[in-house]
Structure formats: structure tokens, C-alpha cells
Amino acid sequence: LFLYSREIAAWRRRVKEGKARDSWFGRVYGAVRTYAQADWSPDDYHETRGQTAHNAAVISILEDRRELSQKAVDILKSMANPGKVYESTKPGSWDDRQRICGLANYCMAYDLVASTLSEEDNKFIRRLLAKEIKHHYDYIRDPEVYGRYRGSFGYIITGFAIAALALADYDDTGKRSPDYEEGGPSYGRGDEWLYFALCSIYLEFNKHGFQWDPSGYFLSGFGYLGQSESRCAAACWAVFDHVGFNLFQAYPFIERVHEYYLKVMLPNGWPPPTDDSGVLSSLANGMCVFSTLFTDKHARAVARWAWTERHIRERTGDWMDGHWCYIFLYRATPQDLAGKKHPPKWPPTMFFATHQVFRSDWSEDASDLMLNTKHCRGGHGHNQNDGCSIQYYAKRAYLIVDPGYGQGGAFHNRYVKPWCRGDTYNQSMILIDGKRPGPQSVSYTHL
């Protein structure tokens, strides 16, 4: 999916050059190496084991380390053990969501080590993967479960798509089928899983559009956009792009979602902390992955500019979700970011469905005032009562800041989170008859 055998030598060279040219890239490589060499237990969560297996498989190829390839194989075999689970194991629960992230990583690890497997091990691991895919395939299609997934369906279905791609040739439905096991259960056919995954992606991004407003704003906040994509979506986009199918081109609205971030980012490159997004969060990792996918040449150049001129310095004291690391190594090396780049030519002041941005210019010293005129009801747990709030950034500092999702810890959980997300008017700068406007059937800009 990610890497063809004929590409290995060039990939090794690109990564070696990347580490020498870009200190941040070297840091990412070090993180992948740390994950690859970390201790693991068959009792860990699926998501934890999947990440370790995938990173071990990556480093095994880059450094020609057979012991890490075997480690990835051993972890794949451990899928037979359910390991740790979260408190709720009902369909649509967080346990199922982290399981599908683990499944995507298992499948990417399998993709990298499959050529090293014996026939017996290959069949054993394929059937473990198929069993896990079937588990998700059966209940994702349940309308009741689907409704519970709505807040994170984008990464759920892209994680499923990665798994279906990895086992697209799986078939155990007949005695002559390649994965048939005498006396064993039948899990199905990979082409059916893949067809379902592709149709689900189509419906999610062309019909439902549940998580985005008309301008392209991700309604849970930029922090959760990054989380969604770091878990599965970025890998899915990269896989499809690698085989010549650019999902930004197929689904222009997805490109608009990422372009939106470039248009509303603060002068230092951070996203505005609206809804459930941290005050000090960044989507730099997303820009490095997606800069090559933009079909709009100007947006592509701006994404590269934002990465090199804004994000890289801001990342020195911050770290990413571990899911991103290997994506960066695969398809977004410094060489990929060496193309044409320049600051935005868009007007610095722009108005959207949710955010009205008054920016003086595109420099780091710009003055940036944002009015939150949210009018799209978000039917998900990350929709804050921050309509009619304002933020002001100038002199390279927050002067008026919405607390967003806070930064974690006891204070966040006890005070910030309930204050921001409760059914109160505490974030609004405008009250009508003692109450904030909404919730939102019409735009606040109409009032």
C-alpha cells in the first residue's frame, strides 16, 4: 500500500537525506525508532500494539533490521488476544474506535512484512486480520451503531478502508478460495469489504457532510480534525495518492476543509481554539502530509510556505500524536516540501459561515481579530457554546483568547471543560434578553 519493493532503495536515501537536511524530520525519525523499539505486551490495547507493529515494520526496512520485522510479526500474531478494553465495549463505543485504529496499523504493518512470512504464518495472520475486519464490517452497517459513530465516522471508515485495501484479495468463502480453512469460520471477501469502504467514504464526504459547515470548517474544532486524521485518515489519503488516486481531486470538499485552515490560521501558524481545540495546538503535521495533495497550485504553495515559515518553529516545544510519524516518513520528506512556496495571495480579511476573520496582513506581526458567528448546529460532543465569542491576536501574542478545549489536567477537567461546553452563555459576547443567541437555526450575522 505504502511502499513497493522497487522503491525501497530510493526511500532509504530520501529519509537519510531528510534527517540531514531537517532537524524536525530527524526528530520524527527518532520518534518512529523509539516506537519501533518499545516494549510491548499482548495485553496492551489494540491501538497501542498496532502502532508498535507498524513502526517496527517501518524501521526494519529502513535499517534492514530483521529482529524488528520479527517483532512486528509477533505483534500481529498477538491479535488473537483481545488485550485491554475500555469500560464500554458496546458497538460504537470508544473501545471500537481505538480498535479500528489498531486494525489500520496492523494492516499497514502486515503490508510491510508480508513478504517475509512463511505460508503458514501468512495464512494465520490474514485470518486474524479478516476476523477483525468482519467484526467492524458487521456492525458499522447497523443504523443504530452508525448514529453513535457520527462524531468520528471519517476516521472510522478510512481506517476500515486501509484494512480492506490490505486484504482486498482475501477470500475464504469456498473450498477453492485461497484463505479457506477446513472447519474454520468464513469471514467473507476482501472485495466486498473494499466496495463498502469506498461507498462509505463517498457517502460521508459527498452526501452526509455531518462534521463540516458550508465553508469547510470542521465542527469539532481543529484539534479534533488533527486527531481524526492522525489516527487513520492521513494514512488513507496517502495510500490512495500512492496508487494514483488523489482524494482531494475526487472529493473537492475535502481539499476545502484543509484550505480553510490555511485561511484562518493565526499569524504564528496555530489554528484558532474554537470548539474543542486546544489553545496551543497545531496542524503542522497535517500540512506536511497534505501539501502534495492540493490540486489548487496556490493552496499547495501556501501549505508549503506555512510549514516552513510558520509551523516548524512552533513545533519545537510541542509533540504530535504518534500516529503521524510514519506517514511523514513515507510521503512527506523535506524533498516533497521543496517545491514552489509563497505567502497567501488571498485577502487577509475573509468572511465564512462560522468565522469572520479581520487580519491586517499575512506577516507574523499581523493583527488578527476573529468573530465566531457559528450558526451550524453540531450534533456531536465537541460543539461548544462559543457562538458570538471573539479572539484577538496581535504583537505575536493572544490578547483576547477563547480557552477552547483547555490543555488537559485537573483544572481543565474541573473548570474549563464544563465552562466551555455547558449549556450556558459564558463564552458569548452578545446576550439577547439575558441569553446568548441560539442554538442556531440562522446565522448570528443576521441578528
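**Entry 1: the second largest pocket**

I looked up which helix gives most to the lining of the second largest pocket, and found that the largest share, three residues, comes from H5. I note that this is a predicted model. Next I listed the elements that give two or more residues to this lining: helix H1 (8–21), helix H3 (46–62), helix H4 (66–77) and helix H5 (94–113). The whole lining holds 17 residues. Nearest the centre of the pocket I found Ile8, Ile61, Leu112, Ser115 and Thr116. I then sorted the lining by class and got seven nonpolar, five polar and five charged residues. For the volume of this pocket I noted about 350 Å³.

**Entry 2: helix H6**

I turned to helix H6, which covers residues 119–140. How far apart are its end C-alpha atoms? I found 31 Å. At 1.5 Å a residue, its 22 residues should span 32 Å, so the two values agree. I also looked up which residues of H6 are buried. Among them are the nonpolar Ile125, Leu128, Leu129, Ala130, Ile133 and Ile140. Arg126, Arg127, Glu132 and His136 are buried too, as are Tyr137 and Tyr139.

**Entry 3: cysteines**

I checked for disulfides and found zero in the structure. A disulfide is a covalent bond between the sulfur atoms of two cysteines. I then looked at two cysteines, Cys107 and Cys199. Is Cys107 buried or exposed? Cys107 has a relative accessible area of 0%, so I entered it as buried. Cys199 has a relative accessible area of 29%, so I entered Cys199 as partly exposed.

How values were computed:
Residues are numbered from 1 along each chain as its sequence is written. This is a predicted model: local features need pLDDT of at least 70, side-chain atom pairs count only at pLDDT 80 or more; totals for chains, interfaces and linings use all residues. Side-chain values use heavy atoms; hydrogens and water are left out. On a 1 Å grid over the protein atoms alone, a cavity is a set of points where a 1.4 Å probe fits but cannot get out, and a pocket is an open set with protein on both sides within 12 Å along at least five of seven lines; lining residues have an atom within 4 Å of a point. Grid points are joined across faces, edges and corners, and a volume is the space filled by probe spheres set on the points. Helices (H or I, at least four residues) and strands (E, at least two) are DSSP runs, numbered from the N terminus. The expected span of a helix is 1.5 Å times one less than its number of residues. Buried means under 20% relative accessible area, exposed over 50%, partly exposed in between (1.4 Å probe, protein chains only). A disulfide is a pair of cysteine sulfur atoms within 2.5 Å.
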